[in-house]
Amino acid sequence: DGKYVLTLRNTSGQPPMASLTNRALRERIHKTSLSRGSRGSDFDNRDVLANVIKLRAERAQLMGYDNHAAYSLENQTAQTPKAVNERLSSLAPKAVANANKEATDLQKMIDAEDGSFKLASWDWDFYTEKVRADRYNFDASQLKPYFEMDNVLQNGVFYAATQLFGITFKERFDLPVYQEDVRVFEVFNEDGSVLALFIFDGYARSSKRGGAWMNAYVGQSKLKGNKPVIANHLNVVKPPKGEPTLMSFDEVITTFHEFGHALHGMFSDVNYPYFAGTSVNFLIVNDGPFRDTSVE
């Protein structure tokens, strides 16, 4: 009957916002997405969150710290809330200035189309795409046919890892997986010895949290004799059966980014599992250089 259902992704931002011409619908989707967990229903988790905050504060006090931030930062790079606040304070003015400049450009586009409204948060993605198309004559969706997911993974990510580090990959179809779309690869050092298992969980599904991340299901440890089992999780929309999985350029960059974290976990070489892989707090140092190979 000409009606469509727009499902919400497990993220704050929603992909359709960049293409929906109906402003009222964009507003509805945006507000619905942000209000999840706070609507007074059985899934309202505000009381749970308040209790978590309370318990964290109590734990910090019991351990002799002023607050949870001081407790959690002590063994990290920043070490103190003061150092974190100083860094954020130095970044905030520049970030706000850049956001204001972008907002001015977006408002000009709205005004040029005789829009009688001020830019709101639910307009941002839609008019960003319009400005990009007008200024650069560029449509990001035109790149997707060049980024089929398996090709990105095997001839992009794995190829780069082989060229840089000499490691190789062999898919294992004999190992059990927790979901039918999950893939498992055995990873080998340059000398042929086993380095790790790598799990690739690329598709979005209703039971999966939003975003992209790396997990170490088994951390490397000489003490325990453990080889690492490392996973990358993405939220790429699964296409209809028989159609290729085409990724956006942002998703390609994210795939490389997360594999940088995976390399951190796979190349871990420590005695104690406490220090394995991304357990240490300089993890962002490792993903950046590998992520940058995606645009080389």
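These questions and answers walk through a predicted model, its nonpolar cores, one helix pair and two loop residues.

Residues are numbered from 1 along each chain as its sequence is written, and side-chain values use heavy atoms, without hydrogens and water. Local features need pLDDT of at least 70 and side-chain atom pairs pLDDT 80 or more, while totals for chains, interfaces and linings use all residues.

Trainee: Which element gives the most residues to the largest nonpolar core?
Mentor: A nonpolar core is a set of buried Ala, Val, Leu, Ile, Met, Phe, Trp, Tyr and Cys residues joined through side-chain atoms within 4.5 Å. Buried means under 20% relative accessible area, exposed over 50%, partly exposed in between (1.4 Å probe, protein chains only). The largest core has 28 residues, and the elements giving two or more are H6 (149–165), S2 (183–188), S3 (194–203), S5 (229–236) and H7 (249–266). With 7 residues, the top contributor is H6.

Trainee: What are H and S, and which residues does Phe158 contact beyond its neighbours within four places in sequence?
Mentor: Helices (H or I, at least four residues) and strands (E, at least two) are DSSP runs, numbered from the N terminus. Contact means heavy atoms within 4.5 Å. Phe158 is among the residues with the most contacts inside the largest core. Its partners are Leu153, Phe169, Phe185, Phe198 and Phe259.

Trainee: Are H6 and H7 parallel or oblique to each other?
Mentor: Axes are lines fitted to C-alpha atoms, for helices over the stretch in contact, and angles run from 0 to 180 degrees between N-to-C directions. The axes lie 11 Å apart, at about 40°. Angles under 35 degrees count as roughly parallel, over 145 as roughly antiparallel, 65 to 115 as roughly perpendicular and the rest as oblique. H6 and H7 are therefore oblique.

Trainee: Which residues of H7 does H6 meet?
Mentor: The H6 side offers Val152, Gly156, Val157, Phe158, Ala160, Ala161 and Phe165. On H7, they meet Val252, Thr255, Phe256, Phe259 and Leu263.

Trainee: Where is Asp114, and is Asp114 buried or exposed?
Mentor: Asp114 sits in the loop between H4 (81–112) and H5 (124–136). Its phi is near 65°, a positive value in a residue other than glycine. Most residues other than glycine have a negative phi. At 69% relative accessibility, Asp114 is exposed.

Trainee: What is the phi of Asn137?
Mentor: Asn137 lies in the loop between H5 and H6. Asn137 counts as exposed because its relative accessibility is 72%. Its phi is positive, near 50°.
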